[in-house]
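The following paragraphs lead the reader through a single protein chain, from its pairing of strands to its charged side chains. Please keep the sequence and the model in view while reading.

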Amino acid sequence: MKQSTWTRWRENSNGLLLRRAAQASVVAFVCFGVGVMVGRYQVPPYGVIRDVTKAVRFLLGVRSLGTNGDNEVLRFGFRNAMIPTQRYPAVRTIEALSERLNGLLVPVAPLESIASGVRLGSSTRDSLGLHLEFGVRGKRLVADAYVEMARTTSPDCAALVVPGSGLDEGSRIVQRLPYDYHGPVLDWITPRCDAYVFVKPNEDYAAIHDGQRRLTNKFVVAYLLNGGGSYSLTYVTQLIALTKSLQASYARVALIGLSQGAHAALLAGIATAPTSVLVASGYSVLYDRVEYADLDQLMIPGLTRLYGADSLAAKMARQPTAFAFTFGTEDEGPIRFDARSELTCARFRAVANVRCLIAPIRHEFVRAEVERALGSGGSGVRAAPR
């Protein structure tokens with residue numbers, strides 16, 4: 001009798017559990033269907049859900065940024081990750097953000113004119129790297145670079161490495177991350193020369209940040225372009241100032257750039273006449289006709305008009321600097337097309353102080369060319385298509 005009662009109770013319980021599970025499945029299916037319909041066709045209560053979501057996001061933004069009335073603007077800007085260690089203080093007001101952005105603004109002008117107007121100020125080194133203060137056209141600016149000293153004593157040469165595209169590439173180069181496309185370039189420099197790795201504006205330890213996140217470059221690029229300058233012009237100006245500072249301390253200075261950093265190194269080299277410039281997979285005479293670039297890449301109003309292929313050839317020919325261009329046949333896009341068509345190498349073949357190398361490589365440095373840039377002079381280097 002007891003066993004029969006137990007059996008009946010267990011069967012009833014199992015049946016109840018099955019019914020509850022079935023009911024829950026139906027409710028979940030209906031809720032999912034309603035959710036899809038609300039999201040797809042925006043039927044009620046879509047508006048209520050949207051407004052509640054916005055309110056929650058706003059409150060979270062206010063809590064993370066503080067309680068001042070500037071948060072409605074700032075919460076749209078500070079969205080990107082940043083490296084933990086930063087040189088500059090956090091920005092928490094529109095006024096402070098405007099001050100930082102204005103500190104990056106350099107009005108468009110020929111680079112030689114900018115270079116002649118640079119006035120070097122204090123230069124200090126700390127655990128982060130080199131910090132340079134300088135003036136140009138009555139305005140105070142700053143520039144930063146990571147520093148890695150040569151493994152030899154009393155080096156008389158320095159290499160300023162200009163990173164290519166990608167956030168925080170300066171720190172990636174210094175960390176020698178195995179997957180980074182710049183490769184172990186510092187290991188090729190430091191046996192004989194001091195190495196400086198340029199820190200771009202709003203990157204690495206020079207980020208504009210709120211203490212937790214970096215400012216999106218949409219704020220930076222828009223402000224500088226609409227103010228009569230450009231993000232690219234600012235960092236080329238910083239490169240010019242850093243190069244002039246290094247020239248005051250070393251007998252030989254090389255600018256070594258990859259990708260967009262190569263084009264920037266070329267322009268800074270034209271304006272400062274260092275010992276050598278290595279332009280690795282970053283410039284093509286094709287840019288006179290067609291060019292592709294993202295917001296954080298090289299875009300300066302009037303650049304092609306002032307520094308097109310013909311102008312560059314004439315400017316390089318008048319300098320003592322040794323220029324080297326490298327291209328990879330396994331690269332992509334315009335650089336690969338240039339490599340296989342030999343456009344730039346053919347165009348600059350007659351310039352005596354230009355060397356051109358086409359190799360079966362991808363988007364990368366060529367070690368032999370990096371080492372050559374560290375020890376080359378500026379004359380007698382003939383263009384070599386291959």
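Two strands are taken to pair if DSSP finds at least two bridges between them. The model considered here is predicted. With that criterion, strand E2 (residues 118-125) pairs with E3, the two being joined by 6 bridges and running antiparallel. Within this pairing, Ser123 is placed opposite Leu132 of E3. The hairpin of E2 and E3 has 4 residues between the strands, and Gly129 adopts a positive phi near 150° there.

Strand E3 also pairs with strand E4 (residues 139-148), again in the antiparallel sense, through 7 bridges. Phe134 has Leu141 of E4 as its bridge partner. Between E3 and E4 the hairpin leaves 2 residues, and in the turn Arg137 shows a positive phi of about 55°. E3 thus has E2 as one partner and E4 as another. How many of the 7 residues of strand E3 are buried? The number is 6 across residues 130-136, so this strand is largely enclosed by the rest of the structure. In a regular strand, the side chains alternate between the two faces of the sheet.

These strands belong to a protein whose secondary structure comprises 15 helices and 11 strands. Of its 386 residues, 47% count as buried. Among contacts between residues at least 6 apart in sequence, 73% join residues at least 24 apart. The accessible surface amounts to about 18800 Å², and carbon and sulfur atoms account for 57% of that area.

Attention now turns to charged side chains. The model contains 13 salt bridges. One of them leads back to strand E4: the side chains of Asp144 and Arg87 meet at 3.0 Å, N to O. Asp144 lies in strand E4, whereas Arg87 lies in the loop between strand E1 (78-80) and helix H4 (94-102), so the pair ties together parts that are 57 residues apart in sequence. Asp144 has a relative accessible area of 3% and is therefore buried. Together with Asp126, the residues Arg87 and Asp144 are linked in a network of salt bridges.

A further salt bridge brings together the side chains of Arg347 and Asp310, at 2.5 Å from N to O. This pair also links distant parts of the chain, with Arg347 in helix H14 (residues 343-347) and Asp310 in helix H12 (residues 309-317), 37 residues apart. Are the two partners buried or exposed? Arg347 counts as partly exposed because its relative accessibility is 34%, and Asp310 is exposed because its relative accessible area is 56%.

Helix H15 (residues 367-375) holds both Glu369 and Arg372, which are 3 residues apart, about one turn of the helix. Glu369 forms a salt bridge with Arg372, in which the closest N and O atoms are 3.8 Å apart. Glu369 is buried, with a relative accessible area of 4%, whereas Arg372 counts as partly exposed at 40% relative accessibility.

Ala373 likewise has its place in helix H15. With a relative accessibility of 7%, Ala373 counts as buried. Which residues does Ala373 touch, apart from those up to four places away in sequence? They are Ala254, Ser276 and Leu278. The C-alpha atom of Ala373 is separated by 9.2 Å from that of Val253, although these two residues are 120 residues apart along the chain.

The last site to be considered is Asp180, which is found in the loop between helix H6 (169-175) and helix H7 (185-189). Asp180 is buried yet has no salt bridge. Why does Arg172, the nearest side chain of opposite charge, not supply one? A salt bridge requires a side-chain nitrogen of Lys or Arg within 4 Å of a carboxyl oxygen of Asp or Glu, and Arg172 is 4.7 Å away. The side chain of Asp180 does, however, make a polar contact of 2.8 Å with the side chain of His182. Leaving aside neighbours within four places in sequence, Asp180 is in contact with Glu169, Arg172 and Ile173. Arg172 therefore appears among the contacts of Asp180, because contact means heavy atoms within 4.5 Å, even though no salt bridge is counted for Asp180.

Key:
Residues are numbered from 1 along each chain as its sequence is written. This is a predicted model: local features need pLDDT of at least 70, side-chain atom pairs count only at pLDDT 80 or more; totals for chains, interfaces and linings use all residues. Side-chain values use heavy atoms; hydrogens and water are left out. Buried means under 20% relative accessible area, exposed over 50%, partly exposed in between (1.4 Å probe, protein chains only). Lys and Arg count as positive and Asp and Glu as negative; His and the chain ends are not counted. A polar contact is a pair of N or O atoms within 3.5 Å; within protein, one must be able to donate a hydrogen and the other to accept it, and residues adjacent in sequence count only if both atoms are side-chain atoms. Accessible areas come from the Shrake-Rupley method with a 1.4 Å probe; for residues, only the protein chains shown count as cover.
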